[in-house]
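Trainee: I should like to learn how to read a protein structure feature by feature. Would you guide me through one?

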Amino acid sequence: QVQLVESGGDLVQAGGSLRLSCAASGSIFSINAMGWYRQAPGKQRELVARITSSGNTNYADAVKGRFTISKDNAKNTVYLLMNSLKPEDTAVYYCNANLVPIPTLRTGDYWGQGTQVTVSS
């Protein structure tokens, strides 16, 4: 079984910073990419940032220049450093991993349970 466990969500004032972490565990053959999505109340889930196994990254326009995604391959962990937070960043942040599990070796998308980020004005 594959599990993604997120941490780091909190209540923070506008202009502040937070760092989210997501660790993938279980029987994993390889990880193709990991990323962060968010969903605000009444809105669809949207991509925030994504990083591939080779280190290529992409970001939503709304967070470019403020958020940085990084990874620790040895720990199967992805991080999201969020600076200059705005009230509109308030959402539940979900970790996603596109990976190959053992023993099926069938590539699939896995999700964490979500962590709440609230930015007060």
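Mentor: We shall take up strands, burial, salt bridges and a disulfide in turn. Please keep in mind throughout that this is a predicted model.

Trainee: Let us begin with the strands. In what order do the 4 strands of the open sheet stand?

Mentor: Strands of a sheet pair through backbone hydrogen bonds, either parallel or antiparallel. In this structure, 4 strands make up an open sheet whose order is 1-3-8-7, with antiparallel pairing. Strand 1 (3–7) and strand 7 (67–72) are at the edges; each has a single partner strand, so one side of each has no neighbour in the sheet. On average, neighbouring strands of this sheet are turned by 15 degrees against each other, direction ignored.

Trainee: Over how many bridges do strand 3 and strand 8 pair?

Mentor: Strand 3, residues 18–25, and strand 8, residues 77–82, are joined by 6 bridges in the antiparallel sense. To find the pairing by eye, look for L20, which is opposite L80 of strand 8.

Trainee: Strand 8 begins a further query. Is T77 buried or exposed?

Mentor: The cut-off for a buried residue is a relative accessible area under 20%. T77 belongs to strand 8, and its relative accessibility of 8% is why T77 counts as buried. A polar atom of the T77 side chain lies 2.9 Å from the backbone oxygen of K75. Leaving aside neighbours within four places in sequence, T77 touches C22, A23, S70, K71 and D72.

Trainee: Which way do the side chains of strand 11 point?

Mentor: Along strand 11, residues 115–120, the side chains alternate. T115, V117 and V119 point to one face and are buried, whereas Q116, T118 and S120 point to the other face and are not buried.

Trainee: In what sense does strand 11 pair with strand 2, and in what sense does strand 11 run with strand 9?

Mentor: Strand 2 (residues 11–13) pairs with strand 11 in the parallel sense, over 3 bridges. Here Q13 is opposite S120 of strand 11. Strand 9 (residues 91–101) and strand 11 run antiparallel and are likewise joined by 3 bridges. V92 has Q116 of strand 11 as its bridge partner.

Trainee: I now turn to charged side chains. How many salt bridges does the structure hold?

Mentor: To read a salt bridge, one looks for a side-chain nitrogen of Lys or Arg within 4 Å of a carboxyl oxygen of Asp or Glu. The structure has 4 salt bridges. One of them joins the side chains of R38 and E46, at 2.8 Å from N to O. R38 counts as buried because its relative accessibility is 7%, while E46, at 37%, counts as partly exposed.

Trainee: What is the N to O distance between the side chains of R38 and D89?

Mentor: The side chains of R38 and D89 form a salt bridge at 3.0 Å, N to O. This pair links distant parts of the chain, for R38 is in strand 4 (residues 28–39) and D89 is in the loop between strand 8 and strand 9, 51 residues apart. R38, E46, R66 and D89 are linked in a network of salt bridges.

Trainee: What else surrounds D89?

Mentor: D89 has a relative accessible area of 1%, and therefore is buried. A polar atom of its side chain lies 2.8 Å from the backbone nitrogen of K86. Neighbours within four places in sequence aside, the residues in contact with D89 are R38, R66, F67, S84, V117 and V119.

Trainee: How do K64 and D61 meet?

Mentor: The side chains of K64 and D61 meet in a salt bridge of 3.1 Å, N to O. K64 is partly exposed, with 49% relative accessible area, and D61 is exposed, with 64%.

Trainee: Finally, which residues does the disulfide join?

Mentor: One looks for a pair of cysteine sulfur atoms within 2.5 Å. The count comes to 1 disulfide, and this disulfide joins C22 to C95 with an S to S distance of 2.0 Å. Since C22 lies in strand 3 and C95 in strand 9, the pair ties together parts 73 residues apart in sequence. The torsion about the S-S bond is about -80 degrees, so the disulfide is left-handed. Both C22 and C95 are buried.

Key:
Residues are numbered from 1 along each chain as its sequence is written. This is a predicted model: local features need pLDDT of at least 70, side-chain atom pairs count only at pLDDT 80 or more; totals for chains, interfaces and linings use all residues. Side-chain values use heavy atoms; hydrogens and water are left out. Two strands pair if DSSP finds at least two bridges between them. Helices (H or I, at least four residues) and strands (E, at least two) are DSSP runs, numbered from the N terminus. Axes are lines fitted to C-alpha atoms, for helices over the stretch in contact, and angles run from 0 to 180 degrees between N-to-C directions. Buried means under 20% relative accessible area, exposed over 50%, partly exposed in between (1.4 Å probe, protein chains only). A polar contact is a pair of N or O atoms within 3.5 Å; within protein, one must be able to donate a hydrogen and the other to accept it, and residues adjacent in sequence count only if both atoms are side-chain atoms. Contact means heavy atoms within 4.5 Å.
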